[in-house]
Amino acid sequence: MSAPASRPFYVAVGNEEKVFKAAFRQGLSVLLKGPTGCGKTRFLEAMAYDVGRPLITVSCHDDLTTADLVGRYLLRGGETEWVDGPLTRAVREGAICYLDEVVEARQDTTVVLHPLSDHRRQLPIERLGQILDAAPGFCLVVSYNPGYQSVLKDLKDSTRQRMVAIEFGFPTPDVEEKIVAHEAGIGADAAAELVRLAQAIRRVENGGLREVSSTRVLISAGRLVAEGLSPREAAAAAIAGPLTDDPHVSNGLREMIDAYLTGPEAGRGN
Ligand SMILES: Nc1ncnc2c1ncn2[C@@H]1O[C@H](COP(=O)(O)OP(=O)(O)OP(=O)(O)O)[C@@H](O)[C@H]1O
Ligand SMILES: [Mg+2]
C-alpha cells in the first residue's frame, strides 16, 4: 500500500484532528464512533497522511479469526511458512491499523487487542511463542456505529476503556456543502440544495429510517446531478432508494424531495 501523493480531502468538523494527533503521539488507541457515511474512513486517511504512517485497514466480520488478524502458517511448496496477518504487519511496521466495524468481530478475536491497546503495546503471537513490541508509530484505531449496537453486539467495556473516543456526527451545513460540492464536482448552490434536504430528513424523528441521509448519499446524489440528472431524480435514486424499502416511508421521502428540490420529477412507479 503506497502512501497517497497528496492529502486526502478532509474538512475538519470539530477538534477531531487535534484529539487524534495527541492520542497518536501518546501511543493511545482510538475509537471512532459514528453513523455510516459520516467521514470516519476519510478522516483516518487524512490523519495517516498527516502523521506520515501507512494505513492498514481490516473490515471486521463475524467469521474473522485471531489468525486472520495475527497470521498463520501456510503451505508453500511443501514447506510451512509463517505469514503475518494485517495486525502483525502494522505492529512490526509502525503502521496505523484500522479495524473497521470492530463490533462485528467475535469477542474471542478482539481479546488479542487488549495488550496492544493499553500501555503495554504488545502483541502476543501464540503460534510463534512470541510477544512483539509495537514499533513506534503503531496506532490501533477501531470504528463502530452505535446505531447498530442494539443487535446484541456491543464493545466490551474492557476494550472501550483502553481507547480514546472521537465522536462523529454530520458536519454543519456550510461544511457539508463544501464537501458535497468538492466530492461531486457540482456548484455550491446545487450542493446547498441537497444539504437542506438532508437536514430536513435528519430532523424527522422516528421517520422509520434506520439510518438518516449521510454525507455519502448526498455525494452520490451530487454525482448524478453532475451527470445531468435533475436534483429530484438524483435524490430519488441516491437518497430515497438506498434509505428505505418501506413504501410508506419512501413516499414521505419523495414528498420531501419534491418540496426541497427542483427540476423534473423523479419517475414514479420504478
Ligand atoms: N469531513 C469530511 N471531509 C471530507 N469528506 C467527507 C467528510 N465527511 C464525509 N466525507 C465524504 O463522505 C464520504 C463517506 O465518508 P466515509 O467513507 O469516510 O464514511 P464512514 O464514516 O467511514 O462510513 P462507514 O461507517 O460506512 O464506513 C467520503 O468518501 C467523503 O467523500
Ligand atoms: Mg468507513
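Mentor: Before we discuss the shell around ligand 1, take the classes it is sorted into: Ala, Val, Leu, Ile, Met, Phe, Trp, Tyr, Cys and Pro count as nonpolar, Asp, Glu, Lys and Arg as charged, and the others, Gly among them, as polar. Keep in mind also that this is a predicted model.

Trainee: How does the shell around ligand 1 divide into nonpolar, polar and charged residues?

Mentor: Eight of its residues are nonpolar, seven are polar and four are charged. The shell holds 19 residues in total, and the closest to ligand 1 are Thr36, Gly39, Lys40, Thr41 and Arg42. Two or more residues come from each of α2 (40-51), α8 (173-184) and α10 (215-226).

Trainee: What makes Lys40 and Arg42 charged, and Gly39 polar?

Mentor: The classes settle it, because Lys and Arg are listed as charged, while Gly falls among the others, which count as polar.

Trainee: From which domains does the shell around ligand 1 draw at least three residues?

Mentor: Domain 1 (16-167) and domain 2 (173-260) each supply at least three residues to that shell. The centres of the two domains, taken over C-alpha atoms, are separated by 33 Å. Where the domains touch, six residues of domain 1 are in contact with five residues of domain 2, and the side belonging to domain 1 consists of two nonpolar, four polar and no charged residues.

Trainee: Within domain 2, why is α8 called oblique to α9?

Mentor: The axes of α8 and α9 (residues 188-203) cross at roughly 125 degrees and come within 8 Å. An angle of 65 to 115 degrees would be roughly perpendicular and one over 145 roughly antiparallel, so the value of roughly 125 degrees lies in neither range and α8 is oblique to α9. The crossing in which α8 passes α9 is right-handed. In this contact, Pro173, Glu176, Glu177, Val180 and Ala181 of α8 meet Ala188, Ala191, Ala192, Leu194, Val195 and Gln199 of α9, giving eight nonpolar, one polar and two charged residues.

Trainee: And what makes α9 oblique to α12?

Mentor: Here the axes of α9 and α12 (residues 247-260) cross at roughly 140 degrees and come within 10 Å. Roughly antiparallel would require an angle over 145 degrees, and roughly perpendicular ends at 115, so a crossing at roughly 140 degrees makes α9 oblique to α12. Again α9 passes α12 in a right-handed crossing. The residues that make the contact are Glu193, Arg196, Leu197, Ala200 and Ile201 from α9 together with Leu253, Met256, Ile257 and Tyr260 from α12; by class they are seven nonpolar, no polar and two charged.

Trainee: How do you know that α11 is roughly antiparallel to α12?

Mentor: For α11 (residues 231-243) and α12, the packing angle is about 150 degrees, with the axes 10 Å apart. Since angles over 145 degrees count as roughly antiparallel, the value of about 150 degrees means that α11 is roughly antiparallel to α12. Their crossing is right-handed. On the α11 side, Arg232, Ala235, Ala236, Ala240 and Leu243 meet Ser250, Leu253, Arg254, Ile257 and Asp258 in α12, and the contact divides into six nonpolar, one polar and three charged residues.

Definitions and conventions. Residues are numbered from 1 along each chain as its sequence is written. Chains are lettered from A and ligands numbered from 1 in the order in which they are written. This is a predicted model: local features need pLDDT of at least 70, side-chain atom pairs count only at pLDDT 80 or more; totals for chains, interfaces and linings use all residues. A residue is near a molecule or strand if its C-beta atom, placed from the backbone, lies within 6 Å of it. Helices (H or I, at least four residues) and strands (E, at least two) are DSSP runs, numbered from the N terminus. Domain bounds come from an automatic or database domain assignment. Two residues are in contact if their C-beta atoms, placed from the backbone, lie within 7 Å. Axes are lines fitted to C-alpha atoms, for helices over the stretch in contact, and angles run from 0 to 180 degrees between N-to-C directions. Angles under 35 degrees count as roughly parallel, over 145 as roughly antiparallel, 65 to 115 as roughly perpendicular and the rest as oblique. A crossing is left-handed if the near helix is turned anticlockwise from the far one by less than a right angle, and right-handed if clockwise.
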